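Colleague: Could you take one part of this model and walk me through it closely? I would like the packing, the covalent links and the charged pairs around that part.

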Amino acid sequence: MDDPCRLYKSQYKKAKETLDLLLAQKAEIDFKLETNPISASLHKDLRTINLEIKITQNELEHAESSIQDCELKHNLTKN
């Protein structure tokens, strides 16, 4: 049987992968800021990455909600 919630699960997986990459980039920026705490460009990069992280977290929450709604609609159970 084809999974009717496949699209939402794919969106969740992609958002999770993106979040992992963004968190790694944030850690790298944080590390660079330890040695150069007054760098304007690093602070700009940090603000940008924090915004992208927040957006991605919202996408994850939306995908989770969509998966739950889809599973309820199609009476699917989680294993």
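Modeller: Contact here means heavy atoms within 4.5 Å. With that cut-off, T56 touches A15, T18, L19 and L22, leaving out residues up to four places away in sequence. T56 lies in helix 2, and helix 2 is the part I will follow.

Some ground rules come before the details. This is a predicted model, where local features need pLDDT of at least 70, side-chain atom pairs count only at pLDDT 80 or more, and totals for chains, interfaces and linings use all residues. Residues are numbered from 1 along each chain as its sequence is written, and side-chain values use heavy atoms, with hydrogens and water left out.

Helices are DSSP runs (H or I, at least four residues), numbered from the N terminus. Helix 2 covers residues 40-73, 34 residues in total. The expected span is 1.5 Å times one less than the number of residues. That gives 50 Å for helix 2, and the end C-alpha atoms are 49 Å apart, which agrees. After helix 2 comes N75, with a positive phi near 55°.

Now the inward side. Buried means under 20% relative accessible area, exposed means over 50%, and partly exposed lies in between (1.4 Å probe, protein chains only). T56 counts as buried because its relative accessibility is 5%. Other buried residues of helix 2 include L42, L46, I49, I53, L60, A63 and C70. Their cover includes helix 1 (6-35). L42 contacts I29, K32, L33 and N36, again without its neighbours within four places.

Many of these side chains belong to a core. A nonpolar core is a set of buried Ala, Val, Leu, Ile, Met, Phe, Trp, Tyr and Cys residues joined through side-chain atoms within 4.5 Å. The largest has 10 residues: A15, L19, L22, I29, L33, L42, L46, I49, I53 and L60. Helix 1 and helix 2 are the elements that give two or more residues to this core.

Helix 2 also has a covalent tie. A disulfide is called when two cysteine sulfur atoms lie within 2.5 Å. The structure holds one. It joins C5 to C70, with S to S at 2.0 Å. C5 sits in the segment before helix 1 and C70 in helix 2, 65 residues apart, and the pair links distant parts of the chain. The link of C5 and C70 is left-handed, at -95° about the S-S bond. C5 and C70 are both buried.

Then the charged pairs. A salt bridge is a side-chain nitrogen of Lys or Arg within 4 Å of a carboxyl oxygen of Asp or Glu. The count comes to five. On the partner helix, D20 pairs with K16, with the closest N and O atoms 3.5 Å apart. K26 meets D30 at 3.1 Å, N to O. E28 meets K32 at 3.3 Å, N to O. E28 and K32 are separated by about one helical turn because they are four residues apart in helix 1. E28 is partly exposed at 46%, and K32 is partly exposed at 38%. Salt bridges with shared partners also join D3, K9 and E71 into one network. E71 brings us back to helix 2, where it is buried.
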